[in-house]
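Me: I am new to this structure and would like to look closely at one loop. Could you start there and then follow the chain outward, so that I can see what surrounds that loop?

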Amino acid sequence: MEIIIQPSNHHIATIAAESISDALKKNPNLVLGLATGSTPIALYKILVQKYKNRELDFSRVTTFNLDEYIGIPCHHPQSYHTFMAKHFFDHVNIPIENQHIPQNATGDFESYCEKYEKKIKDSGGIDIQILGIGTDGHIAFNETGSSLSSRTRPVTLSESTLKANAIHFNSDKSAVPEMAITMGVGTIMEAKQCILLASGKSKSEAIVNAVEGPITASVPASVLQMHPNTFIIIDEDAASALKEIDYYKRCYENRLKLLST
Ligand code: GLP
């Protein structure tokens, strides 16, 4: 795990966007795992700008989103379909048939989720998975107690997630759908690279538990300690509870030095 501590959300987004740009220039058929939430919005903005500047071409890219609510239609203003269209898909040239977001209108969840997993496999697997983190340490909608080898499945959202996400539903917790389809922790762990982004004090406890705590289903993000190619890109506030801040900063400086020699 490489911990990269940056002064602001803009710096976080810039570094993540550079990683994606470099990977896309090397491999035009890049398979991206995408996240929603307020944290990655700045990243999408930079990628859109790079596309508009003709620096990036997404025409052969395939995407798989982490999750979607169950119980609201795709066109609902707070659905993750709407989020992705608004912040990314409507502004770049990813063919619509290459965009995958779990569908919330299906009856047979088991076979739907199996098909979602198969589509990921058939695409060659996710090259870069973007992740946010919940204040309780969840990734995607894998809540506390999710099996660390779980696969794509329907889940019930925790009280803390319902509370945190109420902000998008006029602060009405009862309006937040109680269930979602999410990629599993095991599914996420199969991505070739994971980039977890976090900013703000409200994420500091989740970050310290994920990075310096034990690997436990109580903090699903902690499983990333077992992932061989993960970058945790966070701002000073999200990093503020970490014990080894200075060491992580030195590691990053030295990595940059090595890369520039
Ligand atoms: C939701 C999403 C997660 C996301 C989290 C944090 O629960 N399902 O994928 O990481 O929100 O969102 P934010 O970036 O808004 O704090």
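**From one loop outward**

Reply: The residue to begin with is Arg54, which sits in the loop between α2 and β3. Please keep in mind throughout that this is a predicted model. The backbone at Arg54 has a positive phi of about 65°, even though Arg54 is not a glycine. That deserves a second look, because most residues other than glycine have a negative phi. As for its surroundings, Arg54 has a relative accessible area of 77%, and it therefore counts as exposed, the cut-off for that being over 50%.

A second residue can be described in similar terms. Asn170, which is not a glycine either, has a positive phi of about 55°, and its place is in the loop between α5 (159-165) and β8. With a relative accessibility of 77%, Asn170 also counts as exposed.

Going back from Arg54 into the helix that leads to its loop, one meets Tyr51, which belongs to helix α2. Tyr51 is partly exposed, with a relative accessibility of 26%. If residues up to four places away in sequence are left aside, Tyr51 touches Leu56, Phe58, His91, Val92 and Asn93. For a sense of scale, the C-alpha atoms of Tyr51 and Ala206 are separated by 33 Å, while along the chain these two are 155 residues apart.

Helix α2 itself covers residues 41-52, and it packs with helix α3 (residues 80-87) at an angle of about 40°, the two axes being 10 Å apart. The two helices are therefore oblique to each other. On the α2 side the contact is made by Ile41, Tyr44 and Val48, and on the α3 side by Phe83, Met84 and His87. Sorted by character, the residues of this contact are five nonpolar, one polar and no charged.

On the other side of the loop stands β3, one of seven strands that form an open sheet with parallel pairing, in the order β1-β10-β9-β6-β2-β3-β5. Its edge strands are β1 and β5 (99-100), each of which pairs on one side only. Helix α4 (residues 109-122) lies across β3 (62-65) and β5, and it runs at about 145° to β3.

The far end of that sheet can be followed from one strand to the next. Strand β9 (residues 193-198) pairs with β10 in the parallel sense over five bridges, and Leu197 has Ile233 of β10 as its bridge partner. Strand β10 (residues 230-235) is in turn joined to β1 by five bridges, again running parallel, with Ile5 standing opposite Ile234 in β10. Although β1 is an edge strand, five of the five residues of β1 (residues 2-6) are buried, so the strand is largely enclosed by the rest of the structure. Both faces of β1 are covered, since Glu2, Ile4 and Gln6 on one side are buried and so are Ile3 and Ile5 on the other.

Ile234 appears again when one turns to the interior. The largest nonpolar core has 72 residues, and those with the most contacts inside it are Phe88, Leu196, Ile207, Ile234 and Leu242. Helix α1 (residues 9-26) supplies the largest share of this core, namely eight residues. Apart from this core lies another one, of eleven residues, which include Tyr80, Val155, Leu157 and Leu162. To return to one residue of the larger core, Leu242 touches Ile3, Ile207, Val208, Val211, Glu212, Ile234 and Tyr248, not counting residues up to four places away in sequence.

There remains another sheet, made of three strands in the order β4-β8-β7, which is open and has antiparallel pairing. Its edge strands are β4 (67-70) and β7 (153-156), each pairing on one side only. On average, neighbouring strands of this sheet are turned by 30° against each other, direction ignored. Four bridges join β7 to strand β8 (residues 179-182), the two running antiparallel, and Arg153 stands opposite Thr182 in β8.

Conventions: Residues are numbered from 1 along each chain as its sequence is written. This is a predicted model: local features need pLDDT of at least 70, side-chain atom pairs count only at pLDDT 80 or more; totals for chains, interfaces and linings use all residues. Side-chain values use heavy atoms; hydrogens and water are left out. Axes are lines fitted to C-alpha atoms, for helices over the stretch in contact, and angles run from 0 to 180 degrees between N-to-C directions. Angles under 35 degrees count as roughly parallel, over 145 as roughly antiparallel, 65 to 115 as roughly perpendicular and the rest as oblique. Contact means heavy atoms within 4.5 Å. Ala, Val, Leu, Ile, Met, Phe, Trp, Tyr, Cys and Pro count as nonpolar, Asp, Glu, Lys and Arg as charged, and the others, Gly among them, as polar. A nonpolar core is a set of buried Ala, Val, Leu, Ile, Met, Phe, Trp, Tyr and Cys residues joined through side-chain atoms within 4.5 Å. Buried means under 20% relative accessible area, exposed over 50%, partly exposed in between (1.4 Å probe, protein chains only). Two strands pair if DSSP finds at least two bridges between them.
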